[in-house]
Amino acid sequence: MTGMTVPLLTVDHLRIEFATRRGPLVAVEDISFAIAPGEVFGIVGESGAGKSLTGQAIIGLLEPPGHITAGHIALSGRRIDNLPYAQMRKIRGKQIGMIFQDPLTSLNPLYTVGQQLVETIQTHTDMSASRARSHAVHLLEEVGIPAAESRIDHYPYQFSGGMRQRVVIALALCVNPALIIADEPTTALDVSIQAQIIALLKQLCAEYGAAVILITHDMGVIAETADRVAVMYAGRLVEVGTVRRVVKQATHPYARGLMNAIPSLHQHQSRLVQIDGNMPRLTDIPGGCAFHPRCPKCMAICREKRPNLIKNGPVQVACWLYDDTHQPE
Ligand code: SF4
């Protein structure tokens, strides 16, 4: 994060809990990171790691019984996690755009894509209807919709999955947001289309100067797209660093396992090394380091005490192997 002046987004000691009859369940704990304007920040982990909840908390869309119980979130220095619904809704439309796994989450099936683009543009700017429409056509061209002039009057069901996700990218970008949160944006798409959509997202966000939080289980997507990456496990950050560094030389044993799972085009022998075991359920997070039952390097202290995220050379890592306060056995 060197050279970051005023961060665009700051997440500080975020904690998310689910209220249950048996008491609160902690789903996300002590998450802190900052994103610079225009930066592409990846959050990666297996399903259940808490990465989508973190994204939902940032845009104020956490669904009850999930709620933030500690920490705060600020956009350009202004706290946004405690805003009334109407104010947060404005920020969601204007300053933070969203792209979800299923494009139909963002598109209304009853309206043409043009109506939806024009309405969004007009809600957040003072453009006339005809200017908003030409801007919408221009955006559809930019996201690679052929014959945008006529396709603008089509309904979402008349587009293929990949084309629909292109429309959603146009919708997310149409009011020039400072930040886009993309949660598994290509997971539902055909593999052959995934790379195109990721490349498009990266290129357009750079063009529009929008920062991106890219949430995915796929380290390959992060490797091709993000500047920095945060690896999550069981609701916590276990490693944060530049993608270049983490992909080449991950520090945390879990992050190393994830990197080994990136298929390599250059190696005939598959590098798909799975990490043994599964991410623990929320109700069953092991004490000490949550990764210890799966960790090949587990030591006695790992079963007892939880490691904190601390600086280790160019990365931050939460692992007793790198904590000087721990004396090796
Ligand atoms: Fe493995 Fe221990 Fe590090 Fe956890 S703290 S990742 S169990 S070595």
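**Figure 1. Helix 1 and the cis bond that follows.** In helix 1, the buried residues are Lys51, Leu53, Thr54, Gly55, Ala57 and Ile58. Buried means under 20% relative accessible area, exposed over 50%, and partly exposed in between (1.4 Å probe, protein chains only). Helices (H or I, at least four residues) and strands (E, at least two) are DSSP runs, numbered from the N terminus. Helix 1 covers residues 51-58, and 6 of its 8 residues are buried, so the rest of the structure largely encloses it. This is a predicted model, in which local features need pLDDT of at least 70 and side-chain atom pairs count only at pLDDT 80 or more, while totals for chains, interfaces and linings use all residues. Residues are numbered from 1 along each chain as its sequence is written, and side-chain values use heavy atoms, with hydrogens and water left out. Just after helix 1, Gly60 has a positive phi of about 70°. The Pro64 to Pro65 peptide bond is cis, with omega near 10°. Pro65 belongs to the loop between helix 1 and strand 4.

**Figure 2. Ile73 and its surroundings.** Ile73 lies in strand 4 (residues 66-75). Its relative accessibility is 0%, so Ile73 counts as buried. Contact means heavy atoms within 4.5 Å. Setting aside neighbours within four places in sequence, Ile73 has contacts that include Leu9, Thr10, Val11 and Leu14. Ala57 and Ile58 are also among the contacts of Ile73. Met299 is 226 residues away from Ile73 along the chain, and their C-alpha atoms are separated by 35 Å.

**Figure 3. Two residues with positive phi.** Most residues other than glycine have a negative phi, and most peptide bonds are trans. His13, in strand 1 (residues 9-18), has a positive phi near 50°. His13 is partly exposed, at a relative accessible area of 46%. Ala147 also has a positive phi, near 50°. Ala147 sits in the loop between helix 4 and helix 5 (148-151). Its relative accessibility of 53% means that Ala147 counts as exposed.

**Figure 4. Helix 6 and what covers it.** Helix 6 spans residues 161-173, and 11 of its 13 residues are buried, so the helix is largely enclosed by the rest of the structure. Among the buried residues are Gly162, Arg164, Gln165 and Arg166. The buried stretch also includes Val167, Val168 and Ile169. The cover includes strand 6 (96-99), helix 3 (113-124), helix 4 (129-142), strand 7 (179-183) and helix 7 (191-208). The expected span of a helix is 1.5 Å times one less than its number of residues. For helix 6 that gives 18 Å, and its end C-alpha atoms are 19 Å apart, which agrees.

**Figure 5. Gln116 in helix 3.** Gln116 lies in helix 3. A relative accessible area of 9% makes Gln116 buried. Beyond its neighbours within four places in sequence, Gln116 contacts Ser106, Leu107, Asn108, Tyr111, Pro156 and Leu171.

**Figure 6. The crossing of helix 4 and helix 7.** The two axes come within 11 Å and cross at roughly 135°. Axes are lines fitted to C-alpha atoms, for helices over the stretch in contact, and angles run from 0 to 180 degrees between N-to-C directions. Angles under 35 degrees count as roughly parallel, over 145 as roughly antiparallel, 65 to 115 as roughly perpendicular and the rest as oblique. Helix 4 and helix 7 are therefore oblique to each other. From helix 4, His138, Leu139 and Glu142 meet Leu200, Leu204, Glu207 and Tyr208 of helix 7.

**Figure 7. An aromatic cluster at Phe291.** Rings of Phe, Tyr and Trp (its six-membered ring) pair if their centres lie within 6.5 Å; planes under 30 degrees apart count as stacked, over 60 as edge-to-face and the rest as tilted. This rule gives 5 aromatic pairs. Tyr233 and Phe291 have ring centres 5.1 Å apart and planes at 80°, so they pair edge-to-face. Tyr233 is in strand 9 (residues 228-233) and Phe291 in the loop between helix 10 (253-260) and helix 11 (300-304), so the pair ties together parts 58 residues apart in sequence. Tyr254 and Phe291 also pair edge-to-face, at 5.2 Å centre to centre and 65° between the planes. Tyr254 lies in helix 10, so this pair ties together parts 37 residues apart in sequence. Tyr233, Tyr254 and Phe291 form one aromatic cluster. Tyr254 is buried at 0% relative accessibility, and Phe291 is buried at 2%.

**Figure 8. Helix 10 in its setting.** Of the 8 residues of helix 10, 6 are buried, so the rest of the structure largely encloses the helix. Pro253, Tyr254, Ala255, Gly257, Leu258 and Met259 are the buried ones. They pack against strand 3 (40-44), helix 8 (219-225), strand 9, strand 10 (236-242) and helix 9 (243-248).
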